[in-house]
Amino acid sequence: MTISGRRSPLAMAGTPMREEDGLRPVELVTDRLETPSLDDRKYRVIRLPNQLEVLLVHDPETDKASAAMDVNVGSFSDEDDMPGMAHAVEHLLFMGTKKYPAENEYQKYLSAHSGSSNAYTGSTNTNYYFEVSAKPSNDEEPSATNPSALLGALDRFAQFFVEPLFLASTLDRELLAVDSENKKNLQSDQWRMHQLEKSLSNPKHPFCHFSTGNLETLKTLPEARGINVRDKFIEFYEKNYSANRMKLCVLGREPLDVLESWVSEYFSDVKNKDLKPNRWADEVPLPKDLLGIQCFAKPVMDSRELNLIFPFLDEEFLYESQPSRYISHLIGHEGPGSIMAYVKSMGWANGLSAGAYPVSPGTPGLFDCQIRLTEEGLQNYKEIIKVFFQYVALLRETEPQEWIFEEQKGMADVDFKFKQKTPASRFTSKISSQMHKPLPREWLLTLGSKLRKFDAKLIKEGIACLRPDNFRVTIVSRDMPGSWDKKEKWYGTEHSYETIPDDFMEEIRRAAACPAKDRVAKLHLPHKNQFIPTKLEVEKKDVKEPAVAPRIVRNDELCRTWYKKDDTFWVPKANLIVSCKSPIIYASAENSVKARLFTDLVRDALEEYSYDADLAGLQYSVALDSRGLFIEVSGYNDKLPVLLEQVLITMRDLEVRDDRFNIIKERLSRGYRNWELQQPWQQIGDYSAWLTAEHDHVVEELAAELPDIAADAVRQFRKELLSQMHMEIHVHGNLYKEDALKLTDMIESTLKPRKLPRTQWPIQRSLIFPPGSNYIWKKTLKDPGNVNHCIDYWLYVGDKADRHLRAKTLLLDQIVHEPCFDHLRTKEQLGYIVYSSCRASATTYGFRFIIQSEKTAPYLETRIEAFLVSMATAIREMSDEEFEKHKRSLIVKRLEKPKHLDQETSRHWSQIQSEYYDFESAQRDAAHIRPLTKSDMVGFFNQYIHPASPSRAKLAVYFVAQAKSDVSTKQITELVKTLNLNSDDASAQAATDLQARLSAADHDVKKEVEGLKDYLLHVLKVPEGKIDAAIEAWKKIHEQQNGLANGIVKDADPPSSNGTKPFFIEDVRTFKAGLVVSAGARPVKDLSEYEDLDPKL
Ligand SMILES: [Zn+2]
């Protein structure tokens, strides 16, 4: 695999001035941008008098308007003794502005207009973006006099860069949000390994920074040094935020002139301090003395990896030739002759990727190659490194090949020419971050993806960086060497490192200087790529109204083929999906695992062959879906049949080799183990799905079957599986009906299955939760180092096909979404992952909350219920105007058009796969939302959602963490109870603050007591008499609880305010046996209405 690094910077100067309203001269930089061939947007790059550069985009079709601001400052600018400053400023910037002082004003406004927002902090940039409904509330085209919600959003957004308040009252909470964001990442190997690489680099280059920050670096330690941290953040903002360092992108339906006048009005007030662009040219991340090192690192997950990293060229100004693209194309190749093909044939590797990435302006980039190892590969890592250097020797002595460059350039041109739109905020966010690069403004939209100049000399210079004296290596594994003597400072990653031993270095040097005759004979450059598409014609027609549903062009007991000729996007691409229904796959956990092994082996066998197709924009997948086997081929339609045929033949003729089977089985077994080490919130949904489905298997059940499955069993199973099935096919894109039928014939004649009689097609069903259900299922998490608990709190609503109930649940989600985040995350700071959403099973519908937190699940449940009680009042007291706004906002979201072909295909497919075939579901939902009244919603809420409702039905999944955070939630809760605060809000606030302060005291009773006194007296303003009582209570709690792990402490029973008693599920089978099963999924209308079986075209 080849990873292309982010490309690089400069601005064009000297263009005519224009007088906008006589007062504000706006400079037109250019309006001639290179665009994809089907792009119907209009673009204009301008510069305001304060030197803020802006890309304006008029998109006549977009549902969403958006803006993104990218500020050229990030964690590289953090002060050394306060890591995470840039990130903290990113969080705090949202907390009120002079013009709009309420802290959630911006979010509230966006939420009421179908919008949302986000931000991130990079090493040299901070990016803020939002999106919002693109049409005014009267649904007419927006204009200067009839503006869309974009106008109000721009006004609010601009104030963050004009006059933010950094509200003191929000400071501690936002720093806690940063802290829990960091805690969320602590067990992630991706974060851990990246930081290890950074921490082991030159301390004089900011590459070594810890970018996220935590409570200690941002509050406790600086405060202990007498620093007022809020002042520090404001100082950082003042020092680094300046209009000339910002790039803005605004996209809307309004004409460019209107957008320009708005931007000029709101953003001209952003102060220009004429700051210099950030550059780091004095030091490099990996100087000589940090090279020639081998590092061993222990991951959390059971994974094995070999990473080679080389200081590389500075490609900032090389955007026309980009030499690293040629080099990573060859090093990362997986076809015949490649490093990957060879190490895989030896049974050493499961994957390989290579690429160069920039570090920062002024600093040379880094080139890295990552190889995912098998057990054998780990033993042979030295051999792999030698093979790598032999291949580099081959590259060094072969003149750079212009035909290879031309192949790459050709594909990059085709990809840009037929590039489809991305969602509005993804587009603005991405492009604003790229505007700092020195790309000529005319080429901005290519994001530097195009290659323009073959430069053999630069390619040779790049290859010359890949030398034995210019690299270091990291070996990631839980077994080698078995003990590690160092711990990384921020994530605690265990590791050790040493100079590469002389004898090994000598072998590497020999490999790198190896003449052709001594090299591994199988290494050679790739052949010409046969998959490069040559037929790229699209017959574009005028279409009044695009068809909503595909048609059925064949329907019998063997195949049902759905087909839609693309009538919207006009790209030379297509998607083909085959779902093979079979009753045997999910008949048992054992069969599921055999089926999974079969699909893994098919993909393994196709790897070398399909790599060229992948490079040429043609992908495939063979996997399992809810009904059986799932095959997909997608991309440029020209060579699509060629790839499809090879995939089918491989499935049919697969020879299950013992050596490959063992490697794949070991990989799957690790995959299962690692699955349970993921973040709790990523796992929890699978368990709720399992507990609400009639038939389903969770990972423990699958993992238990795996050890007993041998290669022979899979050989046998493959025959059974492919011998009888019903295939449902969907063909969508730049293909004709005749093509769809021919492809169906090819699938049939290649696989040759017997038909599966209709009576044997599996039926999908879910469990029904009767009124008053109150179930809890509990599981202790596997990762011993994880401190986060998790809850999935799910309320059953009813039948998925009941459109009235669906409409109300969707509207509930719309109304609850923003307050849920505001209450449970922003105010109560329960954790970084907090969200609510609708959740559908195969045939039922419900509403859920997921929270991942250091606080225990029963406590989280009390907070969710308190929040729901407050929502009952909020809905009852909501003004009619606000209620209508919510409805409108939801309808706009529901009716959003697909942005590209794949999105439309997956919408069709989700209807086909679910077997409801409800292709008009969005329009129907909208029609059912429109007439809803407030009293409908109050009634719905009181029956299905309100914690006091005796008829509501609940299932909660509790995940219990093994490790504990510093101070337990239970301790804090007890302490807060002794304070007798008079409101829930105040209690939640106190709990949050105390958790932070007491954690920081690090179990030193004296420090704890001092901090506590100070807080109660000065912040909470508690009367002195009460304070002594609280201190006494705390001392007692401290003694009692010390040493007890938070997760293991026995919690009080969860709340129950509707009179039902919570039932802890001990035996899942008994629990399921006690519930009634739903009717199966059925088509919303007779499928014959979709039939178009006439063989004529
Ligand atoms: Zn953050």
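Two strands count as paired if DSSP finds at least two bridges between them. The exercises below apply this to a predicted model.

**Exercise 1. Find which residue of S15 is the bridge partner of Lys487, and place the pair in its sheet.**

Step 1. Start with the two strands. S14 covers residues 486-487, and S15 covers residues 494-499.
Step 2. Check the pairing. Two bridges join S14 and S15, in the antiparallel sense.
Step 3. Read off the partner. Lys487 is bridged to Glu494 in S15.
Step 4. Widen the view. The sheet is open and has seven strands, ordered S11-S12-S10-S13-S9-S15-S14, with mixed pairing.
Step 5. Look at the edges. S14 is an edge strand, and so is S11 (349-357); each pairs on one side only.

**Exercise 2. Describe the peptide bond between Met480 and Pro481, and locate Pro481.**

Step 1. Take the omega angle, which is about 0°. The bond joining Met480 and Pro481 is cis.
Step 2. Locate the proline. Pro481 sits in the loop between S13 (472-476) and S14.

**Exercise 3. Work out the strand order of the six-stranded sheet, and say which helix lies across strands S24 to S28.**

Step 1. Give the order: S26-S27-S25-S28-S24-S29. This sheet is open, and its pairing is mixed.
Step 2. Name the edge strands. They are S26 (833-840) and S29 (1063-1064), each paired on one side only.
Step 3. Zoom in on one pair. S25 (residues 789-799) and S27 (residues 844-853) run antiparallel, joined by 10 bridges. Asp799 stands opposite Thr844 of S27.
Step 4. Recall the general principle: sheet strands pair through backbone hydrogen bonds, either parallel or antiparallel.
Step 5. Add the helix. H20 (residues 680-692) lies across S24 (774-780), S25, S26, S27 and S28 (953-960). H20 runs at about 140° to S28.

**Exercise 4. Explain why Cys820 and Cys838 form no disulfide.**

Step 1. State the cut-off. A disulfide needs two cysteine sulfur atoms within 2.5 Å.
Step 2. Test Cys820. The closest cysteine sulfur is in Cys838, 12 Å away, so the gap is too far for a bond.
Step 3. Test Cys838. Its closest cysteine sulfur is in Cys820, at 12 Å, again too far for a bond.
Step 4. Check the whole structure. The search finds zero disulfides.
Step 5. Add the setting of Cys820. It is buried, at 2% relative accessible area.

**Exercise 5. For Gln51 and Phe166, decide which is buried and which is partly exposed.**

Step 1. Recall the cut-offs. Buried means under 20% relative accessible area, exposed means over 50%, and partly exposed is in between.
Step 2. Take Gln51. Its relative accessibility is 35%, so Gln51 is partly exposed. It lies in the loop between S3 (42-47) and S4 (53-58). Its phi is positive, about 75°, although Gln51 is not a glycine.
Step 3. Take Phe166. Its relative accessible area is 3%, so Phe166 is buried. It lies in the loop between H3 (150-162) and H4 (168-185). Its phi is also positive, near 50°.

**Exercise 6. Trace how His697 meets Ala589.**

Step 1. Place His697. It is in the loop between H20 and H21 (699-705).
Step 2. Compare sequence with space. His697 and Ala589 are 108 residues apart in sequence, but their C-alpha atoms are 6.3 Å apart.
Step 3. Find the polar contact. The His697 side chain reaches the backbone nitrogen of Ala589 at 3.5 Å.
Step 4. List other neighbours. His697 also touches residues including Tyr586, Ser588, Trp690 and Leu702.
Step 5. Judge exposure. His697 is partly exposed, with a relative accessible area of 22%.

Conventions. Residues are numbered from 1 along each chain as its sequence is written. This is a predicted model: local features need pLDDT of at least 70, side-chain atom pairs count only at pLDDT 80 or more; totals for chains, interfaces and linings use all residues. Side-chain values use heavy atoms; hydrogens and water are left out. Helices (H or I, at least four residues) and strands (E, at least two) are DSSP runs, numbered from the N terminus. Contact means heavy atoms within 4.5 Å. Axes are lines fitted to C-alpha atoms, for helices over the stretch in contact, and angles run from 0 to 180 degrees between N-to-C directions. Buried means under 20% relative accessible area, exposed over 50%, partly exposed in between (1.4 Å probe, protein chains only). A polar contact is a pair of N or O atoms within 3.5 Å; within protein, one must be able to donate a hydrogen and the other to accept it, and residues adjacent in sequence count only if both atoms are side-chain atoms. Lists of a residue's contacts leave out its neighbours within four places in sequence.
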